[in-house]
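Welcome! Take a moment to turn the molecule around on your screen before reading on. This report will walk you through it step by step.

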Amino acid sequence: MNKLIRKPFPLVVKTFEGLEPILAEEMRKLGATHIRKLQRAVRGEGDVLTLYRLNLMSRTALKVLIQVAEFELRDKGDLYDVARRIAWEEFISPEQSLLIESMVQSRFFESQQDAQREVRDAINDRFRQFSDAWPKVDYDKPDLRIQLLVNQNKALIQIDTSGLSLHRRGYREDVAEVAPLNELVAAATLLYLDYDGRQPLILPPGTPETLVAEAALIARHLAPGLCGREFAVQQWKSFDKPVWNTVKAQVQERSKTGNGSIQVIEPDATRAERLMKVLKATHCADAVQILRMGWNEYTAPVQGGMLLVPPTGTGGFPATFADVDARFTGKPVAVLTSLEEVPSKLSPVPERRWELYQGKAGYLLARYDSSLRVPGF
């Protein structure tokens with residue numbers, strides 16, 4: 001274990017707007033301290049165990065970054081000086097590769113490339129102190145991803161420990177296709193509703209597969225990072241495989257057998273088949289019942305259960321929301337819909353409401369703890 005990650009170090013975890021409170025709570029539970037919510041990110045401190053847990057277990061994190069330097073610039077040479085003092089050799093060897101990604105707005109640098117060059121030269125010169133070789137730049141599959149942020153005279157150097165965005169769990173084959181409902185937003189929806197898999201969850205026809213999959217993962221207490229993907233930190237020279245395997249084993253021990261408490265009403269054969277394929281990839285198919293019937297044929301459970309009505313992509317409340325009826329008297333009903341379709345004044349007024357964002361797309365999540373018999377809009 002190298003000295004940089006032997007003790008607590010600064011972390012910056014990125015997410016979507018509106019998900020910061022859920023992410024902050026996840027970080028607390030996974031061992032982070034000194035937590036502070038930012039816009040689309042949460043800061044904290046953690047050790048290597050926290051770092052590994054966040055990548056494997058967080059349901060609402062996009063990226064987990066280690067912050068290795070935060071400083072003020074007097075001139076462009078300060079960037080070189082600080083970058084050269086960082087112990088890059090503890091992360092990668094001269095035979096490995098790196099990539100510097102940057103966002104730079106400062107009078108000290110003519111362009112993004114100008115600032116990147118200062119950091120790259122600093123890294124090369126540091127390796128020259130003890131080696132005849134130094135890491136090469138790789139734009140496709142670098143072993144180390146460095147993020148450089150410069151805003152006028154303030155600079156941050158961070159290291160990406162995740163690699164691919166953490167929303168790419170590994171259970172969807174068409175990863176190039178943007179999901180109608182991102183995995184993080186789907187998971188946050190369920191976490192805001194305090195869903196833990198103990199009570200039935202009822203999902204009507206047309207529910208996005210990401211929402212079904214994330215519900216199944218939560219119901220099984222299965223970490224999303226165990227669905228078959230790799231992480232950038234695993235390529236590092238300092239990667240502690242025994243510790244990683246210990247953390248993975250502990251995470252796997254928390255999983256439990258599913259009880260079919262998630263009921264998805266889906267009469268469409270193609271969609272039902274696609275859902276089952278995704279669920280098999282999550283290893284959580286036993287948590288879900290796919291009921292091949294129409295919405296009006298469905299009989300709600302006598303005891304407990306929550307109805308979650310998701311957006312259908314057609315704008316406004318889904319058609320099924322108009323069919324919420326006496327079958328759900330006394331059961332909580334939650335509705336997720338586009339903010340663009342929500343009137344300024346909600347009627348009826350929900351007991352709780354949250355705003356969530358997926359890039360520029362905004363959603364309203366409204367929870368009604370008493371029965372809803374009419375759309376109300």
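The sections below go from the whole chain to its sheet, its cores and a few single residues.

## The whole chain

Keep in mind that this is a predicted model. The protein chain contains eight helices and 15 strands. It has 377 residues, and 56% of them are buried.

How do the contacts spread along the sequence? Among contacts in the protein chain with a separation of 6 or more, 77% are between residues 24 or more positions apart. On the outside, the protein chain exposes about 17,500 Å², and carbon and sulfur atoms supply 48% of that area.

## An open sheet of eight strands

Let us look at the strands next. Eight of them form an open sheet in the order 2-3-1-4-8-7-5-6, and the pairing is mixed. Strand 2 (33–37) and strand 6 (136–137) are the edge strands, since each pairs on one side only. As general background, strands of a sheet pair through backbone hydrogen bonds, either parallel or antiparallel.

Which way do strand 5 and strand 7 run relative to each other, parallel or antiparallel? Strand 5 (residues 97–105) and strand 7 (residues 144–151) run parallel, joined by eight bridges. Within this pair, L144 of strand 7 has L98 standing opposite.

## R145, a buried charged residue

Strand 7 also holds R145. Is R145 buried or exposed? R145 counts as buried because its relative accessibility is 19%, and the cut-off for buried is under 20%.

The side chain of R145 makes a polar contact with the side chain of E101, at 3.0 Å. Leaving out residues up to four places away in sequence, R145 touches L99, E101, D140, Q158, I159, D160 and G163.

## A strand, a helix and a strand

Further along the chain, strand 10, helix 8 (residues 269–282) and strand 11 make up a right-handed β-α-β unit. Strand 10 (residues 262–265) and strand 11 (residues 288–291) run parallel and are joined by four bridges. One place to look is I262, whose bridge partner in strand 11 is V288.

Helix 8 includes T282. With 0% relative accessibility, T282 counts as buried. A polar atom of the T282 side chain lies 3.1 Å from the backbone nitrogen of C284. Beyond its neighbours within four places in sequence, T282 is in contact with Y171, A213, L217, L222 and C227.

## The nonpolar cores

Now for the inside. The largest nonpolar core has 100 residues, and the members that touch the most others are L79, W88, L144, I157, I262 and V288. You have already met I262 and V288 as bridge partners. Helix 6 (residues 209–219) gives this core its largest share, eight residues. Apart from this core lies another one, of eleven residues, including I265, A300, V333 and V335.

What surrounds L79? Not counting neighbours within four places in sequence, L79 is in contact with F71, L73, F109, A115, E118, V119, L148 and I157.

## Residues in loops and at a helix

A232 sits in the loop between helix 6 and helix 7 (241–254). This residue is buried, because its relative accessible area is 12%. A232 and L144 are 88 residues apart along the chain, yet their C-alpha atoms are separated by 7.0 Å. Leaving aside residues up to four places away in sequence, A232 touches D143, D160, T161, S162 and G163.

R292 is found in the loop between strand 11 and strand 12 (306–309). Although R292 and E266 are 26 residues apart in sequence, they are 5.3 Å apart in space, C-alpha to C-alpha. The side chain of R292 reaches the backbone oxygen of E266 at 3.4 Å, and one of its polar atoms lies 3.3 Å from the backbone oxygen of P267. Among the residues that R292 touches, not counting those up to four places away in sequence, are D268, A269 and A272.

Finally, visit Q113 in helix 4 (residues 112–128). Q113 counts as partly exposed because its relative accessibility is 47%. Twelve residues separate Q113 from E101 in sequence, and the distance in space is 9.5 Å, C-alpha to C-alpha.

Terms used. Residues are numbered from 1 along each chain as its sequence is written. This is a predicted model: local features need pLDDT of at least 70, side-chain atom pairs count only at pLDDT 80 or more; totals for chains, interfaces and linings use all residues. Side-chain values use heavy atoms; hydrogens and water are left out. Two strands pair if DSSP finds at least two bridges between them. Helices (H or I, at least four residues) and strands (E, at least two) are DSSP runs, numbered from the N terminus. A crossover is right-handed if, with the strands pointing away from the viewer, the path from the first strand over the helix to the second runs clockwise. A nonpolar core is a set of buried Ala, Val, Leu, Ile, Met, Phe, Trp, Tyr and Cys residues joined through side-chain atoms within 4.5 Å. Buried means under 20% relative accessible area, exposed over 50%, partly exposed in between (1.4 Å probe, protein chains only). Contact means heavy atoms within 4.5 Å. A polar contact is a pair of N or O atoms within 3.5 Å; within protein, one must be able to donate a hydrogen and the other to accept it, and residues adjacent in sequence count only if both atoms are side-chain atoms. Accessible areas come from the Shrake-Rupley method with a 1.4 Å probe; for residues, only the protein chains shown count as cover.
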